[in-house]
Amino acid sequence: MLEGKNILLGVTGGIAAYKMADVASMLVKQHADVHVVMTENATKFITAETFQVLTKNKVYVDVFDEEPDDYVNVPHVSLGTSADCVLIAPATADVIGKIANGIADDMVTTTVLPARCPILIAPSMNVYMLENVIVQDNIKKLKRFGYQIIEPDDGHLACGYDGKGKLPQPEKLVEQVLLACAKEKDLKGKKVLVDAGPTQEAIDPVRFITNHSSGKMGYSVAKVAALRGASVVLVSGPTNLDTPAGVKRIDVTSAEDMYDAMVKEAVDSDIIIMSAAVADFTPETVADNKIKKNSDDEGMVIPLKRTKDILKTLGSMKDSSGTVDFTADSFKVEDKKQIIVGFSMETEKLIENSRKKLESKNADMICANSLTTEGAGYKVDTNIVTMITKDDMIELPLMSKDEVADKIFDKIITMF
Ligand code: CTP
């Protein structure tokens, strides 16, 4: 995802510096051109050679250690100005204090100063050092200047204390780099609301009705929206998936819970994408206690009632010009363009049935996917989707769910 991107890592002297070898390696695997600058103290924890081997680029520790070529492009300036993203990790109290106050007296701090790209700072230190008012003040100052702070984790620290101050795991740091620079921010300023996963409809305290949805498609949609700069709310039924970076997740269980959360969040959303496999039916009553077997219960029947159709409800709140008309009691009236996208899962007459849903639910687009085609459907990481709008129909080939999500947003952008 980072083809053609230039990522600069600034490694300073904390024990967590060893984790940065993994970070560098993961970024290289994402096809980034990775450059590393280190403080002298960082080399006490991990060698420059480690990063050189992993990144295939010269690692700079000393500002005056210049190659002949460097007389033309002074490294601390060219590395800073050519970066698409800078990550300072681990960031010690010392480097935080220096950057916050414009001090540039080593390779890391001098390289950060000319950078014009997103700069991420991951503080990592003893819990009491982190709580120190001066350190906190410097962190606030950095935020105010537009630097992005990656919150340290809580846990057992190398110094023996328990508390906040751990450098997050390499995967988390890489996610933040992707969020900062992987994609063009063409959804900046838009609120994207996504629902995903199955719902669970309780029968009694130990049993429920559900479906095979893994939530993968919706999570890809939420992840890609965040990477493209949107503010994203993901309303999720029970899944085993991690929340994508930069996404606010609201957990729900039943179709009713999902309806309530979606209706509340829809008010100020610009784009709503509904990929959840919402139960169409729920037990009429939920037993207070576990239902026990008895001798005359052969052929037991559980009476079901229809759930509310969330997509249809939100679709009915838009008038024909696509303007939201939130006149219901719980809504404040807003006058803005809102795009609503549904997914349609069919085992027969895919396009015909999906077109009907486009009309009956007043959606702007239906993404039709067949359960019976190999490579499409619930559990896999790929999908085969046909995007149907009132005006056209685009058949996408087999692709990853992340790629499908990108295509959906490419199409939505043309609809605004
Ligand atoms: N949907 C919803 N609320 C429901 C049921 C479905 O919001 N109670 C949404 C789904 O999230 C999806 C779209 O409606 O975006 C189509 O869902 P699908 O299950 O394919 O169709 P249904 O509406 O359930 O219709 P049918 O039972 O006829 O297939």
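An open sheet of five strands, paired in parallel and ordered β2-β1-β3-β4-β5, shows up in this predicted model. The edges go to β2 (33-38) and β5 (148-149); each has just a single partner strand, so one side of each is left with no neighbour in the sheet. At the β5 end, the partner is β4 (residues 119-123), and the two run parallel over two bridges. Here Ile121 sits opposite Ile149 of β5.

Helices lie across this sheet too. Helix α2 (residues 48-55) crosses β1 (6-11) and β2, and its direction makes an angle of about 170° with β2. Further along, helix α4 (residues 93-100) lies across β3 (85-91) and β4, this time at about 135° to β3.

Away from the sheet, Asp270 gets a look of its own. This residue belongs to the loop that links α10 (255-266) and β13 (271-274). With a relative accessible area of 11%, Asp270 falls under the 20% cut-off and therefore counts as buried. Its side chain comes to 2.7 Å from the backbone nitrogen of Lys191.

As for the chain as a whole, the tally is 13 helices and 21 strands. The C-alpha trace spans about 80 × 55 × 45 Å along its principal axes. Of the 416 residues, 50% are buried, while the chain exposes about 20,100 Å², with carbon and sulfur atoms supplying 51% of that area. Taking contacts between residues at least 6 apart in sequence, 65% join residues at least 24 apart.

Notes
Residues numbered from 1 in each chain as written. Predicted model: local features only at pLDDT ≥ 70, side-chain atom pairs only at ≥ 80, totals over all residues. Heavy atoms only, no water. Pairing = 2+ DSSP bridges. Helix = DSSP H or I, 4+ residues; strand = E, 2+ residues; numbered from the N terminus. Contact = heavy atoms within 4.5 Å. Axes fitted to C-alpha atoms, helices over the stretch in contact; angles between N-to-C directions. Buried < 20%, exposed > 50% of the residue type's maximum accessible area, 1.4 Å probe, protein only. Polar contact = N/O pair within 3.5 Å; in protein donor to acceptor, adjacent residues only side chain to side chain. Areas by Shrake-Rupley, 256 points an atom, 1.4 Å probe, with all protein chains shown as cover.
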